[in-house]
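User: Hey, got a minute to go through a structure with me? I'd like to talk about pockets, cavities and a bit of helix packing.
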Amino acid sequence: MEFKQLEAFVAVVDYGSFSEAARRLYLTQPTISAHIRSLEDELHMKLIIRTTKKTTITAKGYQLYDSAVRMLEIRNNLLENFTGAHKHMIDLAASTIPSSYLLPELLAAFGKTHPDVYFHSIQSDSSESINRVLDGTVDLALVGQNTRDESCVFIPFCHDELVIATPVTDHYLALKDRETPAIFHDFLKDPIIFREKGSGTKKEMDLFLERTGITTGNLNVIARMNDLESIKKSIVNGLGISILSSRSVNDLQRTKQILVFPLEEAAHKRSFYIVYSKNRILKPHVKQFVQFVRDYYM
C-alpha cells in the first residue's frame, strides 16, 4: 500500500469524482483509476462503485477513508515536525549510478534554491525504477538506460562512459605503461565480474560485447554481483576485473586503488535519463526539478 494510492482514494471521496481528484492531484484519470484498483486488489474488496452517472463509496470504503485520512495527516505532521515547515514532496526512483554519484550533488544544489521541497528517494536498478514510474508510485526516475517505452518520456541529462576497472598489479601496470594502448581483447582471459540484470551498466556492457563480437562464452566470468560497491571492493582485493561506469570508479582511481582502461570504441559512451510517465501531469515543483536537472550538467 502506497501513500500515492491513499491520496488518490481520499481525493476521490473528498471531491466526489475521479476527474476532479485527478485535477487536484496533477494526475490523469487513468492513473487515479489504477491507484484505486491497486488498493482494491490488495485489500480484496470493492471501495468505490463507479457508474456513468455517479460515484458511490462502499461501507468498507468509508472505513478505509477514515484510516487513510489519519495516515496522511500523520505523514504530513511528521514532515512538518522534522523539516520545520510545510514541504512539497517529490517521490523519486534512481538506479545505482545516479543514486550514488549524481543525486547527492543534485539534491544539495537544488535544495539551496528550493528549500521547500522534500525528496523521498528509492534506489533500485534501472528496470525497477522505470516500473515505479509506470505504476505511478514515483513522480520520476533517474536511470542509466532508455527502454523506449512509449508510455514514458526519456530526457538525457548527463553523459558517462564505460571503462575497464582492474586491480593494481604488476600485470596491469605493465599494460598501462606499454606504448600500444590496451584494448578489450587484451583482457579476454582475465577473471571478470558481471553486474546484475536490470542495471543500465549491464545493458550497455552487453551492447558493447555484441558490437565487438564477443560472447560471455569467450570470457572468464568469475562472479555475478548485484551490488556495485561489492564489485568495486572485489576488484581492489584482486578478485577480477569489470566493465563499470567511469563515474562510479573515479574515487578509487583518484586514490590509486584501481587502474582504469578506456574501452576502444566511441560507442561505449552512454547517457543518463530523467524518466516520467506521459500519463502523469507533473506538479509545478516537480517540473522545476526536471528543468534544474536538465540545466545542471549543460
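Analyst: Sure, we can go through the open space, then the enclosed space, then one helix pair. Keep in mind that this is a predicted model.

User: Pocket to begin with. How much space lies in the largest pocket?
Analyst: The largest pocket holds about 790 Å³.

User: Which residues lie nearest its centre, and how many line the largest pocket?
Analyst: The lining has 32 residues, and nearest the centre of the largest pocket are Glu7, Arg75, Asn76, Met89 and Lys283. Elements that contribute two or more residues are helices H1 (3-15), H2 (18-25) and H4 (59-83), plus strands S3 (88-94) and S4 (117-123).

User: And which element gives the most to that lining?
Analyst: That's H4, with nine residues.

User: What about the classes, how do the residues of the lining divide?
Analyst: For the largest pocket you get 14 nonpolar, eleven charged and seven polar residues.

User: OK, closed voids now. How many cavities of 30 Å³ or more are there?
Analyst: The count is three. The largest cavity has a volume of about 60 Å³. It is lined by 13 residues, with Ser95, Thr96, Ile97, Ser126 and Gly200 closest to its centre.

User: Where does the largest share of that lining come from?
Analyst: From H5, which supplies three residues to the largest cavity. H5, helix H8 (200-211) and strand S11 (269-277) each give at least two. By class, the lining of the largest cavity has seven polar, three nonpolar and three charged residues.

User: Which residues line the second largest cavity?
Analyst: Lys4, Glu7, Leu25, Leu27, His35, Arg280 and Lys283 do. Four of these count as charged, two as nonpolar and one as polar. The second largest cavity has a volume of about 50 Å³.

User: Switching topic: at what angle do H5 and H11 pack?
Analyst: H5 (residues 96-113) and H11 (residues 284-296) pack at about 120°, and their axes are 11 Å apart. That angle makes H5 oblique to H11.

User: Is the crossing left-handed or right-handed?
Analyst: H5 and H11 cross in a right-handed way.

User: Which residues meet there?
Analyst: On the H5 side, Glu105, Leu106, Leu107, Ala109 and Phe110. On the H11 side, they meet His285, Gln288, Phe289, Phe292, Val293 and Tyr296. Sorted by class, the contact of H5 with H11 has eight nonpolar, two polar and one charged residues.

Notes: Residues numbered from 1 in each chain as written. Predicted model: local features only at pLDDT ≥ 70, side-chain atom pairs only at ≥ 80, totals over all residues. Heavy atoms only, no water. Axes fitted to C-alpha atoms, helices over the stretch in contact; angles between N-to-C directions. Helix = DSSP H or I, 4+ residues; strand = E, 2+ residues; numbered from the N terminus. Parallel < 35°, antiparallel > 145°, perpendicular 65-115°, else oblique. Left-handed = near helix turned anticlockwise from the far one by under 90°. Contact = heavy atoms within 4.5 Å. Nonpolar A, V, L, I, M, F, W, Y, C, P; charged D, E, K, R; others polar. 1 Å grid on protein atoms, 1.4 Å probe; cavity = no way out; pocket = protein on both sides within 12 Å on 5 of 7 lines; lining within 4 Å. Points joined across faces, edges and corners; volume = space filled by probe spheres on them.
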